[in-house]
Amino acid sequence: MTETPSVEIRALRKTFNHGQNVAIDNLSLTLRKGQIIGLIGADGAGKTTLLRLLDGLLLQDSGEISVLGSNPIKQKIELARKIGYMPQKFGLYEDLTVKENLEFYADLKGIEKKFDTMLKFAGLQAFQNRQAGKLSGGMKQKLGLICALMGNPELLLLDEPSVGVDPVSRRELLKMVKQSVTKDTTVIWSTAYMDEAHGFDNVIVIDKGKIVYLGNPRDLAPDSRGFEEKIIELMGGFTPSESLVAKNFAILPSTIQYVVEADNLVKKYGDFYAVKNNSFKIKRGEIFGLLGPNGAGKSTSFKMMCGLAKPTSGTARIMGYDIVKQASLARENIGYMAQKFSLYPNLSVKQNFDFFAGAYGLYGKDAQNAISQMIEIFGFEHYLDDNAQELPLGFKQRLSMACAVMHNPSVLFLDEPTSGVDVIARREFWNHITSLAAKGVTVMVTTHFMDEAEFCDRISLFYKGETIATGTPDELKQSAAAKTMEEAFINLIKIREEAA
Amino acid sequence: MKITLAFIKKEMLQILRDPSSLIIAFVLPTLLLLIYTYGINLDSAKIRLGIKNDDINSQTQELVDAFGQNAYISSSLFNNKDDMYQQIIRSKLQAALIIPSDFTRNLAAQKQASLLLITDGSNINQVGYAQTYVNQIVNQWLNQSGFVDKQSPSIEILPRVQYNQNADGRRALVPSSLAVTMTLIGILLTALVISREWERGTMEALLSANISPWQIILGKYIPYFVVGMLSLAFSMMMIIVVFQLPFRGSYWVLFIVSALFLYASLGIGLIISSLLHDQMLASMASLIIGFLPALMMSGVVFPIVSMPPFFAWLTKLLPPTHYVYFIKNEFLAGTIWQTVLISSLFLLGLGFLFSLLVYKKTARRLDE
């Protein structure tokens, strides 16, 4: 007797905009029960669409879907009990507390309200009465995951649950899933972290709505680095070439040695130190990485450096200009890419470009040249008239980066530039970043991808508002007696925790 | 049922935690009531009238005095015509009266005598009032002066304003303003609640859960209905207890018809909310679709009888029209069963129609 597969898809097709954009193209797939499957693909490849189709949130144009033997549209009510779905925006009510969110979802699923084990496991027990909106990014993801895990679903659909989450929390998320599933549970986990996917039972790689690989990730390559290369190959390949951003970048000559300086920066919110005594100097053309868990104070430091938040005490200088006292002179030299998408969501890509060109003082021919360059370099030809909010996550990030570098700034602040961006785009981003640095642009960057940390000249590890280690990637690994950056990150924090 | 209750509980928690819905429900009506009670007066204010008398004698002096004693006119005398015109240009005067030098001579000779009344046409309402008042005063003066034959019969009209003896416009305006206030509140409260779920991404989680459109809709109607009714009770208390307006109707009837009206208004808000997935857009739409027609087309300010037939017919589609019709009567004349029945049927019908539309427009999937 053959058991029913958890998911069976035949000749599935889904288009948007009246057939103009093909999201899923003639896709067929059978998944047996009881495995964790990684879903990998380029931005806009159709990952989210596929998950939504499986959950009955979208109706296909043609083809058949059978989930746990049922039709997701016609038998939606029966399936709702068997499927746990965690959307990209997690679906939490920010003005309800952790407990109230849990109780609400428990009522919707008609299950018992027992969350103690889950809360304990997620480390959220102490925060039960905190409003979900006031949790850190990693905690929100965990809470979202608990909601999806409720009622022991037979199929778990997770849409990029680990995006923007630090390595420690990411391990915990995976542990939570592994602990709560039974041997018959199927998990489909879409991710941009190749090391994560490499550890799963199977991976589905989709590109332009089609499956290009389905199978054991270890069959592709024994280690995660090799796996990443293979995935890139499968998705069309990436050959590092001269970065066009860097090529056309006209940097102002300068004799200043330390382009970015922070001297005893402190930011206090009430009694809480978001940043404590932070000092560093960054040389011209250096890539300076800020690592640390969610909520460690990285973004706050960034905002102070760019003049977006006023330091409680201490000074920051950009190209020798004090960011508070000579704000406009300092800011002229800054390109800033915020962690949260901060372009105009209701304007089209083209309109956003036009606006930011104007805002940076580019007019007429200069503006047109800069814009057409950005469109070409970042591949926006097909998205020009789309509203920024409708872009796939990866393209939003590209648009933010394009707007940050358009005016040739000497200093770039990039706050998690590669969160939610696919592997190839990440390679491109880093190609741009390293090429720009080679030309003399100073870059300060935060990331949760530990492999990216290796590209930095120097790293500062941030924990609870303080720098706990600074140095080159090799120095950090040595001091933590670690082989990989991820290990170093986890060890250094552990050492600190034990010391405290 | 359990799901609906969970939904209502969640919605209630959100209402209590979000000060804006409480501001909409209680601060907004207080403000609007204060404006309608003290700020807006549809009855005319005193007309500022300038008088230039070129025919000075004891009889015209009596006429000038008559203007001075009138409650609706504040008059001032001018010696120079140009000065007086200047005051009209500066809007210091709304009307100017000139008594020509041959005025009493013509009257005495039983000839046609004329007075010149100049008014400021930039405010056409005031012109009407000025003309009526001046006419009345002049005729009164004429009847008492020696210029007309005392023997001829004259007609006196005895006015009695039924239901509102002092002809105090406020007594009709303030209760009907409730229709405007409650429309605004009903629509504003609900216009944001479904669009908010879309904007914050929680709709995706709801749709993936085992929850039917009816459960979502009931979960949205009931909590805001409760808040709306509390807000209405609060406004009623303000009107009757604080502003001391007379209420001649029945509280039960008021409660039932108001509930029907709120049901219809919430429906409009929910339609807006389920169509627009953007909170900003939804709140703009609720102002334009809800508030403006309620103010201009429900008969609160502009009488429906003087509207062109098409628009008069259109007003029947607006819940506030029926509520204004009902509440004016309920406050001033007491319960008239015919009125109550007609208004109730209309409100119930509209509310039901809106509910059906909400049901039709509530998404079951993301691509609808």
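Me: In this predicted model, what makes the length of helix H16 (residues 423-438) of chain A close to the expected one?

Reply: Helix H16 of chain A has 16 residues and reaches 22 Å from its first C-alpha to its last. The expected span, at 1.5 Å a residue, is 22 Å, and the reach is close to that value.

Me: Which residues of H16(A) are called buried, and what must a residue show to earn that word?

Reply: A residue is buried if 20 or more other C-beta atoms lie within 10 Å of its own. In H16(A) the buried residues are A:Val423, A:Ala425, A:Arg426, A:Glu428, A:Phe429, A:Trp430, A:His432, A:Ile433, A:Leu436 and A:Ala437. After H16(A) comes A:Gly440, whose phi is positive, near 110 degrees.

Me: Why is helix H10 (residues 251-275) of chain B called roughly antiparallel to helix H13 (residues 319-332) of chain B?

Reply: The axes of the two helices come within 10 Å and cross at roughly 165 degrees. Angles over 145 degrees count as roughly antiparallel, and therefore H10(B) is described in that way relative to H13(B). Their crossing is left-handed. On the side of H10(B), the contact is made by B:Val253, B:Leu254, B:Val257, B:Phe261, B:Ala264 and B:Ser265. H13(B) contributes B:Pro319, B:Tyr323, B:Phe326 and B:Glu330.

Me: How do you know whether B:Ser265 is buried or exposed?

Reply: B:Ser265, found in helix H10 of chain B, has 33 C-beta neighbours inside 10 Å. The cut-off for a buried residue is 20 or more, so B:Ser265 counts as buried. Leaving aside residues up to four places away in sequence, B:Ser265 touches B:Met182, B:Thr183, B:Gly186, B:Ile187 and B:Pro319. The C-alpha atom of B:Ser265 is separated by 23 Å from that of B:Arg17, and the two residues are 248 residues apart along the chain.

Me: What makes strands E11 (272-283) and E14 (321-322) of chain A the edge strands?

Reply: The open sheet has four strands in the order E11-E10-E13-E14 (chain A), with antiparallel pairing. Strands E11 and E14 each pair on one side only, and they are the edge strands.

Me: How do you know that strand E10 (residues 258-269) of chain A pairs with E11(A)?

Reply: Two strands pair if at least two bridges are found between them. Eight bridges join E10(A) to E11(A), and the two run antiparallel, so the condition is met. For A:Lys267, the bridge partner in E11(A) is A:Val275. Helix H11 (residues 298-305) of chain A packs on the sheet, touching E10, E11 and strand E13 (313-318) of chain A. The direction of H11(A) makes about 120 degrees with that of E10(A).

Technical notes:
Residues numbered from 1 in each chain as written. Chains lettered and ligands numbered in written order. Predicted model: local features only at pLDDT ≥ 70, side-chain atom pairs only at ≥ 80, totals over all residues. Contact = placed C-beta atoms within 7 Å. Axes fitted to C-alpha atoms, helices over the stretch in contact; angles between N-to-C directions. Expected span 1.5 Å × (residues − 1). Buried ≥ 20, exposed ≤ 12 C-beta atoms within 10 Å, placed from the backbone. Parallel < 35°, antiparallel > 145°, perpendicular 65-115°, else oblique. Left-handed = near helix turned anticlockwise from the far one by under 90°.
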